[in-house]
Amino acid sequence: MSAQRLVSVVVPCRNEAAHVDAFVASVLAQRLPDGVALELIVADGASDDGTRERLAALAATDPRLKLIDNPQRIVAAGLNRALAAARGDVVVRMDVHTTYADDYVAQCLATLARTGADNVGGPWRAEGTGPWGRAIAAAFQSRWAAGGARSRSLSHDGPVDTVYLGCWPRATFERFGGFDETLVRNQDDEHNLRIVRGGGRVWQSPTIRSTYHPRESLAAFARQWLQYGYWKPFVMRKHGQPASARHLLPGAFVTALTLSAAAALLGLGALPLAALVAVYTLAVLALAVDAAARSSWALLPRLPVVIATQHLAYGAGTLLGAWDAWRHGRGRERFARLTR
């Protein structure tokens, strides 16, 4: 009997040779409801580490896997090309550096049916490896270190302003369009902002379970958050507002830190700088203690460094992006390269 319904899993990918076999196997092993079939469409961004060859070999053995090209090598373009090739009436986005429960797709479908939302997803759960990777994951998982983002809450079931990855009825793209290819980062936040501003709903459910594997070094983590911050003003410029007020706080803090440091250097008094640093240090220590209590006390020495790195990199990136967005209207080439 032929399947009554087709779900399209879309994946942007570049240089993932070490992970792509396990990822494809996990997607194709998803436990689906009766009457549902799955296709997996991977948009490869000109990989040069053997990823493309592995995908081609896997596609030759399983017709559910389709490999397409993403010559622009950015996530938004890969997603749009995968969407154009997708045949399903529901689209699920997945990433290679995340592992998924074997009922991930089934729970996405159930949540869509239960809520009638325009996009659904699960909480952003992180699990790191190595001493810095574990500390990064613990800080990442802290909702308050992320400015109160509900996407870090593992128990939240309800509307959100954005959601990790996503699952959409095809009608969502017909109504709100695809992903903005001028954005190297934050294309998912921008798309969700478009949905919410257009009267749609984005929903998070804890039944949709996955685990994200963050960067394993402080330098890579800093580059990632610098880039996240850099592209955020381009979203704000497009819509005339941030997706959330929390996106403005790191940039405001770095601005205040810079101005107070300049005032101190000019002999106008060091008290504002000292007060700002003291208050921020206490706040970071409190966030670190909270994150350690929720994960492992052994991570406490590294957590303040990780949290401060995230805030400062995001804030500095926001200021650089704001300058380029309003002064030039386009992003710099060096911020257009994805980091890992």
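**Entry 1: cysteines**

I call a residue buried when its relative accessible area is under 20%. I am working from a predicted model. My first lookup was Cys-13, which counts as buried because its relative accessibility is 6%. I then checked Cys-108, and at 0% relative accessibility that residue counts as buried too.

Next I asked how many disulfides a search of the whole structure finds. The search gave 0. I wanted to know why Cys-13 has no bonded partner, and the reason is distance: the closest cysteine sulfur, in Cys-108, is 20 Å from the sulfur of Cys-13, which is too far for a bond. For Cys-108 the closest cysteine sulfur is in Cys-167, at 4.4 Å. That is also too far for a bond, because a disulfide needs the two sulfur atoms within 2.5 Å.

**Entry 2: aromatic rings**

I searched the whole structure for aromatic pairs and noted 17. One of them joins Tyr-164 and Tyr-212, with the ring centres 6.2 Å apart and 75 degrees between the planes, an edge-to-face arrangement. I looked up where the two residues sit in the chain. Tyr-164 is in the loop between strand E7 (158-159) and strand E8 (167-169), while Tyr-212 is in strand E10 (residues 210-212). They are 48 residues apart, and the pair links distant parts of the chain. I recorded both Tyr-164 and Tyr-212 as buried.

A second pair I looked at is Tyr-230 with Trp-231, again edge-to-face, at 5.3 Å centre to centre and 85 degrees between the planes. Tyr-230 is buried, at 0% relative accessibility. Trp-231 is buried with a relative accessible area of 4%.

I also noted that Tyr-164 and Tyr-212 belong to one aromatic cluster with Trp-124 and Phe-140. Separately, I checked the ring of Trp-132 and found the charged end of Arg-302 sitting over it, 5.1 Å from the ring centre.

**Entry 3: helix H7**

Is helix H7 (residues 187-197) mostly covered or mostly exposed? I found it mostly covered, with 9 of its 11 residues buried. The buried residues include Asp-188, Asp-189, Glu-190 and Arg-194, along with His-191 and Ile-195. I picked out Leu-193, which lies in this helix and is buried with a relative accessible area of 5%. I computed the separation of its C-alpha atom from that of Gly-116 as 18 Å, for two residues 77 apart along the chain. After the helix comes Gly-199, which has a positive phi near 95 degrees.

**Entry 4: helices H1 and H2**

I looked up how helix H1 (residues 20-28) meets helix H2 (residues 51-61). The axes of H1 and H2 come within 10 Å and cross at roughly 30 degrees. I noted the crossing of H1 and H2 as right-handed. Which residues make the contact? On the H1 side they are Val-20, Asp-21 and Val-24, and on the H2 side Arg-54, Leu-55 and Leu-58.

**Entry 5: Thr-111**

Thr-111 is part of helix H4 (residues 104-115). I put Thr-111 down as buried because its relative accessibility is 1%. I set aside its neighbours within four places in sequence and listed the remaining contacts of Thr-111: Gly-116, Val-120, Trp-203, Ser-205, Thr-207 and Ile-208. I also checked Thr-111 against Leu-300, 189 residues away along the chain, and the C-alpha atoms of the two are separated by 37 Å.

**Entry 6: positive phi outside glycine**

I kept one general point in mind: most residues other than glycine have a negative phi. Arg-73 is not a glycine, yet its phi is positive, about 65 degrees. I located Arg-73 in the loop between strand E3 (65-69) and helix H3 (75-85). At 43% relative accessibility, Arg-73 counts as partly exposed.

Leu-165 is another residue other than glycine with a positive phi, near 60 degrees. I found Leu-165 in the loop between E7 and E8. Is Leu-165 buried or exposed? I recorded it as buried, because its relative accessible area is 2%.

Note on methods. Residues numbered from 1 in each chain as written. Predicted model: local features only at pLDDT ≥ 70, side-chain atom pairs only at ≥ 80, totals over all residues. Heavy atoms only, no water. Buried < 20%, exposed > 50% of the residue type's maximum accessible area, 1.4 Å probe, protein only. Phe/Tyr/Trp six-rings, centres within 6.5 Å; stacked < 30°, edge-to-face > 60°. Helix = DSSP H or I, 4+ residues; strand = E, 2+ residues; numbered from the N terminus. Lys NZ or Arg CZ within 6 Å of the ring centre and 35° of its normal. Axes fitted to C-alpha atoms, helices over the stretch in contact; angles between N-to-C directions. Left-handed = near helix turned anticlockwise from the far one by under 90°. Contact = heavy atoms within 4.5 Å.
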